[in-house]
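This report introduces one protein structure to a reader who has not met it before. Its topics are a strand with its neighbours and two pockets.

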Amino acid sequence: MTTSPMSRPLSYANAINEALRQSMQLSDKVVVLGQLVDYKSGIFGTTTGLVDRFGPRRVQDFPVSENLMTSVAMGAALTGMRPVIVHQRLDFMIYSLDAITNWLSLWHFKSAGKSNMPVTIRAIVGKGWGQGPQHSKSLHSWFAHLPGLRVAVPATAHDAKGLLMESIFSETPAIFVEGRGLFSMTAHVPEHPYRIRFGKGVVRRPGSDVTLVAIGAMVAVALRAAADLEVDGISVEVFDPRTLSPLDRDGLLTSVAKTRRLIVADPAWRSFGAAAEIIAIASENLSSDFRSNPMRFSYPDSHTPMSSALEAQYYPEHAALAAEIRKMM
């Protein structure tokens with residue numbers, strides 16, 4: 001891979017598109033499967049143009065049969081291919097849970113480490129404009145709970161490209177959770193192919209008073225809240241884990257040990273989620289050092305409403321997050 005330092009602003013959706021295109025250029029073993037991936041619209045632009053460049057054998061539309069698609073991808077991976085599955089909504093990926101839970105995540109273990117299934121599953125989470133309860137579930141904690149799977153929740157275009165290429169060219173199957181609301185957001189993205197290692201978080205904003213762990217779509221919310229709190233003299237460190245499995249425990253604990261306060265912003269239901277696991281890890285290692293009780297900032301334990309007025313109340317904004325941190329202080 002080239003090491004050119006050139007980068008330019010690129011949207012999250014276009015960064016995914018570029019990651020797929022460059023991966024397919026680097027290896028003819030990379031194929032893309034999914035409903036309507038070969039259409040001009042290209043799943044919100046993320047697969048646009050790929051079929052024109054690589055042909056229908058490598059960019060294939062697929063029937064509405066998620067479990068079958070996942071099984072086909074697993075079989076292809078066993079023959080040496082590197083399939084990327086695209087689910088327009090994570091909710092419909094649930095139909096393939098048998099294949100994912102009982103075969104994909106277990107394969108390396110059951111083969112005593114002698115065989116791998118390098119399958120990447122892109123799963124898109126809808127938000128806004130009346131997506132409702134069947135298009136808006138972010139189940140990253142489900143998949144992070146399964147041994148044998150890696151789970152990425154990229155928050156920026158830069159990370160989306162690098163983590164996706166890492167997923168494609170690694171041997172461990174990966175679930176790649178994408179927030180639909182992030183697709184238009186831009187960041188500086190290198191032109192050359194690159195990979196970001198799983199299990200390595202990043203401090204998006206340094207601070208000294210409180211560690212704010214923000215997952216996926218909550219990163220932008222966290223950064224706005226941190227900016228508001230700076231006016232009040234509260235210094236917030238925003239830590240983005242980028243991947244949940246593996247989780248950057250060292251980076252997390254280093255930040256929390258410095259600030260001795262922790263709040264986790266998780267774009268999912270409050271109970272039994274990633275936020276609870278992150279707080280448990282910090283508490284098990286640093287409980288005697290906390291200045292205040294750790295807190296969760298998540299969605300209500302309720303299904304997503306379709307009404308735009310109710311939706312506005314359902315999704316918490318940066319002002320509410322800033323208010324929670326003020327209480328903590």
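Which residue stands opposite V264 in β13? In this predicted model, that place is taken by V213.

**Strand β13 and its partners**

Strand β13 spans residues 262–269, and 7 of its 8 residues are buried, so the strand is largely enclosed by the rest of the structure. Strand β10 (residues 210–214) pairs with β13 in the parallel sense, over 4 bridges. β13 also pairs with strand β14 (residues 295–299), again in the parallel sense and over 4 bridges; here M295 in β14 is the bridge partner of I263. Together with helix α12 (residues 274–286), β13 and β14 form a right-handed β-α-β unit.

**The two pockets**

The volumes and the lining classes are set out below.

| Pocket | Volume | Nonpolar | Polar | Charged |
|---|---|---|---|---|
| Largest pocket | about 360 Å³ | 13 residues | 8 residues | 5 residues |
| Second largest pocket | about 250 Å³ | 7 residues | 4 residues | 2 residues |

The largest pocket has a volume of about 360 Å³. It is lined by 26 residues, of which K127, G179, G181, L182 and A217 are the closest to its centre. β7 (174–179) and α10 (218–231) each contribute at least two residues to this lining.

For the second largest pocket, the lining comprises 13 residues, and A144, H145, L244, A274 and E277 lie nearest the centre. Two or more lining residues come from each of α8 (140–144), β12 (243–245) and α12. Helix α12 gives the largest share, 4 residues; this helix also belongs to the β-α-β unit with β13 and β14.

Conventions:
Residues are numbered from 1 along each chain as its sequence is written. This is a predicted model: local features need pLDDT of at least 70, side-chain atom pairs count only at pLDDT 80 or more; totals for chains, interfaces and linings use all residues. Side-chain values use heavy atoms; hydrogens and water are left out. Buried means under 20% relative accessible area, exposed over 50%, partly exposed in between (1.4 Å probe, protein chains only). Two strands pair if DSSP finds at least two bridges between them. A crossover is right-handed if, with the strands pointing away from the viewer, the path from the first strand over the helix to the second runs clockwise. On a 1 Å grid over the protein atoms alone, a cavity is a set of points where a 1.4 Å probe fits but cannot get out, and a pocket is an open set with protein on both sides within 12 Å along at least five of seven lines; lining residues have an atom within 4 Å of a point. Grid points are joined across faces, edges and corners, and a volume is the space filled by probe spheres set on the points. Ala, Val, Leu, Ile, Met, Phe, Trp, Tyr, Cys and Pro count as nonpolar, Asp, Glu, Lys and Arg as charged, and the others, Gly among them, as polar.
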